[in-house]
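Dear colleague,

I am passing on the structure we spoke about, and below it I have written down what was found. Please keep the structure open beside the text while you read.

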Amino acid sequence: MKEVVTGASFEATTIVNSTNTAIAAGSGTLPVLGTPFLVALMEKATCNAIADFLEDGETTVGTSINVAHTKASGIGSVVTANAVISACNGRKITFDVSAKDNSGDTVGSGKIERFVVLEDRFMEKVGGNEI
């Protein structure tokens, strides 16, 4: 792993549609952005924020998620998640995450931790032999 720069950030954006609602996730009964999809969007931003600091053969895996989903986003809403590297302790990377909708309202926020691993060794440990 290269030297990680705290403060590095990245965004990921989605448009709420029938494929990422609470109904689609099975996590609710309303046609609004499902919490699992909000978390996935935030995780996508974290993966992109750390990507430039990884060496060939390295990746990160999620180890902790503490996110509040504070506002519903209906079909057609544009939601943008932002991940900022807030700490690096060895191979453990901590991100401050937040998401806003196209009106500028905060949709959610929290912290996500990821751990840097070697892809091949990780997959060997879980019994998979291909990535």
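**The sheet and one buried residue**

In this predicted model, the bridge partner of I85 in strand β4 is F95, and F95 in turn has I112 as its bridge partner in β5. These pairs belong to a wider pattern, since β3 (residues 78-89) and β4 (residues 92-101) pair in the antiparallel sense over ten bridges, while β4 and β5 (residues 106-118) do so over nine bridges. On the other side of β3, seven bridges join it to β1 (residues 9-15), again antiparallel, and there T13 stands opposite T80.

Taken together, the strands form an open sheet of five with the order β1-β3-β4-β5-β2 and antiparallel pairing. Its edge strands are β1 and β2 (58-69), each of which pairs on one side only, and neighbouring strands are turned by 25° against each other on average, direction ignored. Helix α2 (residues 35-50) lies across β1, β2, β3, β4 and β5, and runs at about 50° to β3.

Between β3 and β4 the hairpin has two residues, and in this hairpin G90 takes a positive phi near 65°.

Is D101, a residue of strand β4, buried or exposed? Its relative accessibility is 8%, and because buried means under 20%, D101 counts as buried. Its side chain is joined to that of K71 by a polar contact of 2.6 Å, and, leaving aside neighbours within four places in sequence, D101 is in contact with K71, S73, V78, V79 and V107.

With best wishes

Notes: Residues numbered from 1 in each chain as written. Predicted model: local features only at pLDDT ≥ 70, side-chain atom pairs only at ≥ 80, totals over all residues. Heavy atoms only, no water. Pairing = 2+ DSSP bridges. Helix = DSSP H or I, 4+ residues; strand = E, 2+ residues; numbered from the N terminus. Buried < 20%, exposed > 50% of the residue type's maximum accessible area, 1.4 Å probe, protein only. Polar contact = N/O pair within 3.5 Å; in protein donor to acceptor, adjacent residues only side chain to side chain. Contact = heavy atoms within 4.5 Å. Axes fitted to C-alpha atoms, helices over the stretch in contact; angles between N-to-C directions.
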